[in-house]
Amino acid sequence: MAVPATTGQLRERVEDMVVGDYIVWKYDNAINEYIFGGSTSGYTEIAVTGHPLANMPSKYFWYAIKVGKGLLIADRVVSHTVTWDWLNANRFVEGSPRTISGISGVVRCLSGGVTYADADGNRTFENKNTGCFPVDNEWDKYIINFPVALIQKEMQLNDVWNYDQGVQTWTSDTSANGIYTSSSGTKSAQVNSTYRSIRGGDSLFSGAWGGFGIYPSNASSIDCGFRPVFEYKEV
């Protein structure tokens, strides 16, 4: 199994988790419910490159990592060939209310920024390899800046988050007007308001800082998918 390479512990209850811990996150199509913890017998592990949305197993699982108070993030893209529009229509962009194993919260997308950021954290339309604007976006804050001390010795950030696997993650953000599409660093066509920000990808796309791209909201591809977040109120 592709267990996250954190120094945290595998937990059975969300209530016992601290930052760096991880937990099995399951979905059962028969009962249309998410489940935390418990046996994975009879469940299919989702590959770190995700699984086609239209052909998901009847029962499947991945892992969620605690990154902050009341916030768990999937360690991989779970479903690809899913459009941003579909996620939005099903309330997964801003938050689908769910009670999972007795914990009430929402399942949603990460925020990922609307354009590039320069070294001072200011907005720019040029790739400076210094992250995205606004700089407090969740992709940069929790994934790219995941504490090095919480990564197992001789392992890397990608061994925790699987963001460098050739599959980008849909974010909740609409890319800023002025961003250009690019496949080789060359500006081509200016985008419009139907484009959404995507993060991660592969070593060519993402680099050390986690990458940034844009994609039409109605596009479906094996190269882009949904990385679930669970946000809940932690006492």
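The following exercises, each with a worked solution, concern a predicted model of a protein chain.

**Exercise 1. Overall description**

Task: State how many helices and strands the protein chain has, and what share of its residues is buried.

Solution.
Step 1. The secondary structure of the protein chain consists of four helices and 18 strands.
Step 2. Of the 235 residues in the protein chain, 52% are buried.
Step 3. The surface can then be added: about 10800 Å² is exposed, and 47% of it comes from carbon and sulfur atoms.
Step 4. As for contacts with a separation of 6 or more, 63% of them join residues 24 or more positions apart.

**Exercise 2. Nonpolar cores**

Task: Determine how many residues the largest nonpolar core has and which of them have the most contacts inside it.

Solution.
Step 1. The largest nonpolar core has 30 residues, and Trp25 and Phe230 are those with the most contacts inside it.
Step 2. Elements that each supply at least two residues of this core include strand 2, strand 6 (59-68), helix 1 (84-89), strand 10 (103-108) and strand 18 (229-232).
Step 3. Another core, of 23 residues, lies apart from it; Val67, Tyr142, Leu150 and Val160 are among its residues.

**Exercise 3. The surroundings of Asp28**

Task: Asp28 is buried; establish which side chain of opposite charge is nearest and whether the distance gives a salt bridge or no salt bridge.

Solution.
Step 1. Asp28 belongs to strand 2, which covers residues 22-28.
Step 2. The nearest side chain of opposite charge is that of Lys59, 4.2 Å away.
Step 3. A salt bridge requires a side-chain nitrogen of Lys or Arg within 4 Å of a carboxyl oxygen of Asp or Glu. Asp28 has no salt bridge.
Step 4. A polar atom of the Asp28 side chain does lie 2.9 Å from the backbone nitrogen of Ala30.
Step 5. Beyond its neighbours within four places in sequence, Asp28 is in contact with Glu33, Tyr43, Ser58 and Lys59.

**Exercise 4. Two buried residues in strands**

Task: Explain why Ser197 and Tyr60 count as buried, and identify the contacts of each.

Solution.
Step 1. Buried means under 20% relative accessible area. Ser197 is buried because its relative accessible area is 0%, and Tyr60 is buried because its relative accessible area is 9%.
Step 2. Ser197 is part of strand 15, residues 195-201. Outside its neighbours within four places in sequence, its contacts include Gly113, Val114, Trp170, Asp173, Phe212 and Gly213.
Step 3. The C-alpha atoms of Ser197 and Trp84 are 9.9 Å apart, with their positions 113 residues apart in sequence.
Step 4. Tyr60 is located in strand 6. Leaving aside its neighbours within four places in sequence, Tyr60 is in contact with residues including Trp25, Tyr27, Tyr43, Ile46 and Val78.
Step 5. For Tyr60 and Tyr43, 17 residues apart along the chain, the C-alpha separation is 4.6 Å.

**Exercise 5. Salt bridges**

Task: Give the number of salt bridges in the whole structure, then locate the partners of the pairs Arg11 and Asp21, Glu138 and Arg108, and Arg199 and Asp140.

Solution.
Step 1. Side chains of opposite charge can pair when their charged atoms come close. In the whole structure, eight salt bridges are found.
Step 2. Arg11 and Asp21 form a salt bridge with an N to O distance of 2.8 Å. Arg11 lies in strand 1 (residues 10-11) and Asp21 in the loop between strand 1 and strand 2, 10 residues apart. Arg11 is partly exposed at 22% relative accessibility, whereas Asp21 is buried at 2%.
Step 3. The side chains of Glu138 and Arg108 meet at 2.7 Å, N to O, in a salt bridge. Glu138 lies in helix 2 and Arg108 in strand 10, 30 residues apart. Both partners, Glu138 and Arg108, are buried.
Step 4. The side chain of Glu138 also has a polar atom 2.9 Å from the backbone nitrogen of Ser111.
Step 5. In the salt bridge of Arg199 with Asp140, the closest N and O atoms are 2.8 Å apart. Arg199 is in strand 15 and Asp140 in helix 2, so this pair ties together parts 59 residues apart in sequence. Arg199 is buried at 0% relative accessibility, and Asp140 is buried at 7%.
Step 6. A network of salt bridges links Glu45, Asp75 and Arg76.

Definitions and conventions. Residues numbered from 1 in each chain as written. Predicted model: local features only at pLDDT ≥ 70, side-chain atom pairs only at ≥ 80, totals over all residues. Heavy atoms only, no water. Buried < 20%, exposed > 50% of the residue type's maximum accessible area, 1.4 Å probe, protein only. Contact = heavy atoms within 4.5 Å. Areas by Shrake-Rupley, 256 points an atom, 1.4 Å probe, with all protein chains shown as cover. Lys, Arg positive; Asp, Glu negative; His and termini not counted. Polar contact = N/O pair within 3.5 Å; in protein donor to acceptor, adjacent residues only side chain to side chain. Core = buried A, V, L, I, M, F, W, Y, C linked by side-chain atoms within 4.5 Å.
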